[in-house]
Amino acid sequence: MDVAALAGTLKALAADLPAPALDTADQCFEAAEAELKEASRESSGEIGLHRLGAARERLGSARTRLGEAAEAIEDYLEAIGAGGAAGAVAQSAPRTGPAPKAAPVDPRQWWTDRINHLCDRTGSPDPQQVPPTRLFNELLKAAGDGNAEAYCKRLRDAGPQTGVKLPGLAWPLVRTMAAEHLGRTPTARDVPELRDKCAAKIRSLVPKAESDQIGAALASACTLGRGAESNDAAVTAAVGPALVAALHRLPREGR
């Protein structure tokens, strides 16, 4: 390969570096962080802000490495007398300030995508401003009816600001109903048994809920611990009402 061909290949690589994609991702993270901060004012539970912050830090590191790669390409092109092509990428990639808003970003999209994944469905939200108690009751009705489509739709439409408040309504009921089933106050040792008894009902509504996620939700509710920290906000919101509905169907011990 001659120098001109090599320079052309390197220029093409420099032009293809995904700096715009990192900017778009940063916009999405920024919008999601704003939503979660707003929601956290009315939620005592962990709603994933620290994880989102860690993700933004990793994105910043990726942008730095991308900038270093672009600068290395530019330096090499300069050395062989074909510089000037990668400079724009090198200047934009390591940017540390706010990303320019090239296109509007839906701050709820991360919630929509996560709920659709957990419920194994597709669809766009029809944003609804409903009180958390009303949403909780609607989800319990959908769960009681076995209407997985309605369950997913109500979660998706509610968005993160209301959805993250669901555990505060679900956990006291989960703890009470678990105690009624066991005939005593539940402990950490009871979590695996309760999880296994509830898993099928929960997955009929939230098919992608994993065993450890269900167990973490039960641990958080029944032992007043911090088990749900292993779940993200959407998982905790989706599992809570389904767990209440599942426990409601369990008989009391000794019946």
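**Close-up views of a predicted model**

Trp111 is buried, and its relative accessible area comes to 0%. The legends below describe three sites in this structure, which is a predicted model.

**View A. The aromatic pair of Trp110 and Trp111.** The structure holds one aromatic pair, and this pair is formed by Trp110 and Trp111, whose rings are arranged edge-to-face, with 5.8 Å from centre to centre and 85° between the planes. The two partners are not alike in accessibility: Trp110 has a relative accessible area of 26% and is therefore partly exposed, whereas Trp111, at 0%, is buried, because buried means under 20% relative accessible area.

**View B. Asp120 in the loop between α5 and α6.** Asp120 lies in the loop that runs between helix α5, residues 109-119, and helix α6, residues 132-145. The backbone at Asp120 has a positive phi of about 55°, although Asp120 is not a glycine.

**View C. Asp190 and its surroundings in the loop between α8 and α9.** Asp190 is placed in the loop between α8, which spans 166-182, and α9, which spans 191-205. Although Asp190 belongs to a loop, its relative accessibility is 5%, so Asp190 counts as buried. When residues up to four places away in sequence are left out of the count, Asp190 touches Leu182, Arg184 and Thr185. With one of these residues, Arg184, the contact is also a polar one, since the side chains of Asp190 and Arg184 are joined by a polar contact of 2.8 Å.

Terms used
Residues are numbered from 1 along each chain as its sequence is written. This is a predicted model: local features need pLDDT of at least 70, side-chain atom pairs count only at pLDDT 80 or more; totals for chains, interfaces and linings use all residues. Side-chain values use heavy atoms; hydrogens and water are left out. Helices (H or I, at least four residues) and strands (E, at least two) are DSSP runs, numbered from the N terminus. Buried means under 20% relative accessible area, exposed over 50%, partly exposed in between (1.4 Å probe, protein chains only). A polar contact is a pair of N or O atoms within 3.5 Å; within protein, one must be able to donate a hydrogen and the other to accept it, and residues adjacent in sequence count only if both atoms are side-chain atoms. Contact means heavy atoms within 4.5 Å. Rings of Phe, Tyr and Trp (its six-membered ring) pair if their centres lie within 6.5 Å; planes under 30 degrees apart count as stacked, over 60 as edge-to-face and the rest as tilted.
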